[in-house]
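Hello,

Here is the structure I promised to pass on to you. Please open it beside this email, so that you can find each residue as you read.

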Amino acid sequence: MEVTDVAQTALAQHAVIGKMLEYNHEQLVFCNDNDSGLKAIVAVHNTVLGPSLGGTRFWNYNNEAEALIDVLRLSRGMTYKSSVAGLNLGGGKAVIIGDPKKVKSEALLRRFGKFINTLGGKYITAEDVGVNTRDMEMIHNETQYVAGLPVSMGGGGDPSPVTAYGVYMSMKASAKEVFGSDSLTGKKILVQGLGNVGMHLVEHLAKEKAVLYVYDISEERVKIAVEKHGATATTPDNMFSLAIDVYAPCALGATVNDDTLSKLKCAIICGAANNQLANEKTHGELVTKKGILYAPDFVVNAGGIINVYYELDGYVRERAMAHAEKIYDTTWNVIQTAKTEKIPTYIAANRLAEQRIEAISKIKIRY
Ligand code: NAD
């Protein structure tokens with residue numbers, strides 16, 4: 001090997017280690033298997049609070065750098081989500097590179113399971129985009145470090161009722177701050193997205209006699225919300241111009257952006273969708289300037305990871321629901337921290353997550 005080649009390699013290696021330094025990761029594992037075509041990266045971000053847990057994403061990335069950045073960002077996000085939710089879990093994530101429709105096979109998934117197993121429980125995987133329950137079963141053939149399994153396989157099953165309950169709790173805590181009472185009776189609430197989580201949320205809100213406006217690209221889902229829960233259907237053109245109290249994004253990410261914020265007339269944003277702020281810094285600050293209380297998405301939608309956590313110890317739904325109820329207190333703490341320290345709520349949530357990790361890392365030194 002020429003000296004220049006050695007230097008190039010060193011540079012490339014540093015680019016990876018450099019990214020780990022930037023994101024403060026503990027470990028990155030690159031997996032390759034020529035026979036099955038498996039190419040994967042497992043990122044263990046932080047294990048101070050417990051084993052790292054996060055789903056495996058199977059995605060046709062344009063290049064390896066894209067896959068690397070995705071797995072680094074997503075695993076770090078899991079550390080914060082679990083920490084602020086008060087779980088004894090660290091943050092991790094895995095990506096399998098390739099088009100699942102073309103390259104997914106039993107051999108590839110089982111090989112991936114074997115790689116996870118070599119980590120000895122430092123990383124526990126679950127479903128994510130491109131990976132379904134059947135795939136988890138394949139991975140589970142090779143490792144016990146799998147969570148988010150269906151009830152038939154000893155898992156917790158559909159997490160969405162737990163997630164929706166957490167969103168509902170978070171919305172009540174936000175209402176207490178803004179309106180002086182956590183009652184949502186008579187409050188005008190727009191729910192965008194009536195999928196597994198959105199529809200369960202609508203159920204809770206209808207029971208409390210909130211005034212509901214709903215939108216989903218599926219007419220079928222809108223019909224159910226209107227006929228069963230007394231909601232009013234709205235359209236993409238006018239939903240952000242309605243005079244409402246709460247906007248609950250429960251479909252896609254990035255719906256809190258320049259366009260929607262120029263129209264939105266609401267006091268609270270609180271919903272289940274991941275990555276609601278199109279740009280965390282810009283829009284996290286803009287909502288505050290506009291006097292809107294933004295309940296940070298990873299605080300609000302932690303019911304999903306809470307559900308998975310309770311699976312690790314013999315699943316009992318009541319325990320998961322009881323923990324999801326605490327999202328009320330977590331949201332309240334985030335809001336009070338933001339107020340006291342005069343910072344946007346998303347920064348307050350990050351700070352609380354970091355403080356818990358730091359405090360727990362100190363008690364562990366005594367072992
Ligand atoms: P889902 O796929 O069951 O539902 C999504 C719904 O959004 C569907 O009904 C779909 O038709 C609708 N939709 C898609 N595009 C839309 C658009 N442009 N406008 C309006 N509606 C649209 O998903 P889910 O499990 O209900 O999750 C909802 C959101 O919450 C997702 O962003 C998900 O990542 C997040 N989340 C879910 C959980 C969980 O436990 N399921 C946990 C944490 C976060």
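Let's begin with one residue, Glu 177. Setting aside the neighbours within four places in sequence, Glu 177 is in contact with Leu 293, Trp 332, Ile 335, Gln 336 and Lys 339. Please keep in mind that this is a predicted model.

Where does Glu 177 sit? You will find Glu 177 in helix α6. One of its contacts, Ile 335, is 158 residues away in sequence, yet the two C-alpha atoms are 7.9 Å apart in space. Another partner, Gln 336, makes a polar contact with Glu 177, side chain to side chain, at 3.0 Å.

Is Glu 177 buried or exposed? The answer lies in between: its relative accessibility is 23%, so Glu 177 counts as partly exposed. The cut-off for buried is under 20%.

Now to the ligand. Around the ligand there are 19 residues, and the closest are Thr 163, Asn 196, Val 197, Asp 216 and Ala 251. By type, this shell divides into ten nonpolar residues, eight polar ones and one charged.

Which backbone atoms meet the oxygen atoms of the ligand? Val 197 has a backbone N or O atom 2.8 Å from a ligand oxygen. For Ala 251, a backbone N or O atom lies 3.0 Å from an oxygen atom of the ligand. Gly 195 also takes part, with a polar backbone atom 3.4 Å from a ligand oxygen. On its own, the ligand has 830 Å² of accessible area, and the protein covers 71% of it. Two elements give two or more residues to the shell: α6 (160–179) and α7 (196–207). You have met α6 already, as the helix that holds Glu 177.

That leaves α7 to look at. This helix has twelve residues and reaches 17 Å from its first C-alpha to its last, close to the 16 Å expected at 1.5 Å a residue. Its buried residues are Val 197, Gly 198, Met 199, Leu 201, Val 202 and Leu 205. What do they pack against? Their partners are α6, β7 (188–192), β8 (211–215), α8 (219–229) and β10 (246–249). When you look along the helix, it helps to know a general rule: an α-helix has 3.6 residues a turn, so residues three or four places apart point the same way. Just after α7, look for Lys 209, which takes a positive phi of about 60°.

Enjoy exploring the model!

Best wishes

How values were computed
Residues are numbered from 1 along each chain as its sequence is written. This is a predicted model: local features need pLDDT of at least 70, side-chain atom pairs count only at pLDDT 80 or more; totals for chains, interfaces and linings use all residues. Side-chain values use heavy atoms; hydrogens and water are left out. A residue is near a molecule or strand if one of its heavy atoms lies within 4 Å of it. A polar contact is a pair of N or O atoms within 3.5 Å; within protein, one must be able to donate a hydrogen and the other to accept it, and residues adjacent in sequence count only if both atoms are side-chain atoms. Accessible areas come from the Shrake-Rupley method with a 1.4 Å probe; for residues, only the protein chains shown count as cover. Helices (H or I, at least four residues) and strands (E, at least two) are DSSP runs, numbered from the N terminus. Ala, Val, Leu, Ile, Met, Phe, Trp, Tyr, Cys and Pro count as nonpolar, Asp, Glu, Lys and Arg as charged, and the others, Gly among them, as polar. The expected span of a helix is 1.5 Å times one less than its number of residues. Buried means under 20% relative accessible area, exposed over 50%, partly exposed in between (1.4 Å probe, protein chains only). Contact means heavy atoms within 4.5 Å.
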